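Colleague: Please take one side chain in this model and go closely through its surroundings. After that, I would like you to work outward from there to the sheet, the core and the loops.

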Amino acid sequence: MPSCSNIDCPLDNIVGMTVTLYSSETRQPLTLTDTLTVQVSGSDTILLNRGINLQSFMLPLRYSTDTDTLLLRFSNEKGQAARDTLFLSHEAKPHFENIDCPAAVFHKIQNIRWTSHLLREMPLTIDSVALINPNVNYDDTENLRVYLRATASE
């Protein structure tokens, strides 16, 4: 008896939150010329190691807890370094595509808070964060817009 199988699993099956960087002064996309490292608070897990010339990046969210605390460490060639923190509350949603496809967990971001270092520590800090799309899934869509400030607020 002939049969055929058509496994329809998505080719791009990495679940990640897309973060895009913007200038708080111009509200335009920003290419980060300083170095950025993103680490999970309370662990030695590094999600982004010394990224440079970034406009956007993708970060995974944990499915075992509903909160992620991410440490963003900025550093530059002058030896200056400082850390900001992102606090993300999210709901994990198991996603089933097909019995033959790998398991996935999507997320819905519910709340964002952040801390910012003083500009005298390093002249680049988080000014604000905007939630653009709360649904974190396979789509390569912008989820968070991080506005970076390089000058003192007036």
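Modeller: I would begin with threonine 18, which touches Phe57, Met58, Thr141, Glu142, Asn143 and Leu144 once residues up to four places away in sequence are set aside. The model is a predicted one, and everything that follows should be read in that light. Threonine 18 is part of strand β1, and it counts as buried because its relative accessibility is 11%, under the 20% limit. Its side chain makes a polar contact with the backbone of the chain, reaching the backbone oxygen of threonine 141 at 3.4 Å. Threonine 141 is also among the residues that threonine 18 touches.

Methionine 17 shares several of these partners: its own list includes Phe57, Met58, Asn143 and Leu144, each of which is also touched by threonine 18. Methionine 17 further touches Leu59, Leu61, Leu70, Leu88, Ile109 and Val136, again without residues up to four places away in sequence. This leads into the largest nonpolar core, a set of 28 residues in which Met17, Leu36, Phe57 and Leu70 have the most contacts inside the core. Strands β1, β2, β4, β5, β6, β7, β8 and β10 each contribute at least two residues to this core.

Strand β1 also holds one member of an aromatic pair, and the structure has 2 such pairs. Tyrosine 22 and tyrosine 147 form a tilted pair, with 5.6 Å from centre to centre and 45 degrees between the planes. Because tyrosine 22 lies in strand β1 and tyrosine 147 in strand β10, this pair ties together parts of the chain that are 125 residues apart in sequence. Both rings are buried, tyrosine 22 at 11% relative accessibility and tyrosine 147 at 8%. The other pair is made by phenylalanine 106 and tyrosine 138, whose ring centres are 5.0 Å apart and whose planes stand at 85 degrees, so that it is edge-to-face. This pair, too, links distant parts of the chain, since phenylalanine 106 sits in strand β7 and tyrosine 138 in the loop between β9 and β10, 32 residues away. Phenylalanine 106 is buried with a relative accessible area of 16%, and tyrosine 138 is likewise buried, with 12%.

Strand β7 also contains histidine 107, which counts as buried because its relative accessibility is 4%. Its side chain has a polar contact of 3.4 Å with the side chain of histidine 90, and a polar atom of the histidine 107 side chain lies 3.5 Å from the backbone oxygen of leucine 61. Among the residues that histidine 107 touches are Val15, Leu61, Tyr63, His90, Pro134 and Val136. Leu61 and Val136 appear in the contact list of methionine 17 as well.

The strand that carries histidine 107 belongs to an open sheet of 6 strands, ordered β3-β2-β5-β6-β7-β9 and paired in the antiparallel sense. Strands β3 and β9 are its edges, each pairing on one side only. Within this sheet, β6 (residues 81–95) and β7 (residues 104–115) are joined by 11 bridges, and proline 94 has valine 105 in β7 as its bridge partner. Strands β2 (residues 35–40) and β3 (residues 46–51) pair over 3 bridges, with glutamine 39 standing opposite isoleucine 46. Their hairpin has 5 residues between the strands, and glycine 42 takes a positive phi near 80 degrees there.

Two loop residues also deserve a look for their backbone angles. Most residues other than glycine have a negative phi. Arginine 27, in the loop between β1 and β2, instead has a positive phi near 65 degrees, and its relative accessibility of 43% makes it partly exposed. Asparagine 53, in the loop between β3 and β4, has a positive phi near 55 degrees and counts as exposed at 54% relative accessibility.

Seen as a whole, the protein chain comes to 0 helices and 10 strands. Buried residues account for 38% of its 154 residues. Of the contacts between residues at least 6 apart in sequence, 56% join residues at least 24 apart. The accessible surface comes to about 9,200 Å², and 48% of it belongs to carbon and sulfur atoms.

Technical notes. Residues are numbered from 1 along each chain as its sequence is written. This is a predicted model: local features need pLDDT of at least 70, side-chain atom pairs count only at pLDDT 80 or more; totals for chains, interfaces and linings use all residues. Side-chain values use heavy atoms; hydrogens and water are left out. Two strands pair if DSSP finds at least two bridges between them. Helices (H or I, at least four residues) and strands (E, at least two) are DSSP runs, numbered from the N terminus. Buried means under 20% relative accessible area, exposed over 50%, partly exposed in between (1.4 Å probe, protein chains only). Contact means heavy atoms within 4.5 Å. Accessible areas come from the Shrake-Rupley method with a 1.4 Å probe; for residues, only the protein chains shown count as cover. A polar contact is a pair of N or O atoms within 3.5 Å; within protein, one must be able to donate a hydrogen and the other to accept it, and residues adjacent in sequence count only if both atoms are side-chain atoms. A nonpolar core is a set of buried Ala, Val, Leu, Ile, Met, Phe, Trp, Tyr and Cys residues joined through side-chain atoms within 4.5 Å. Rings of Phe, Tyr and Trp (its six-membered ring) pair if their centres lie within 6.5 Å; planes under 30 degrees apart count as stacked, over 60 as edge-to-face and the rest as tilted.
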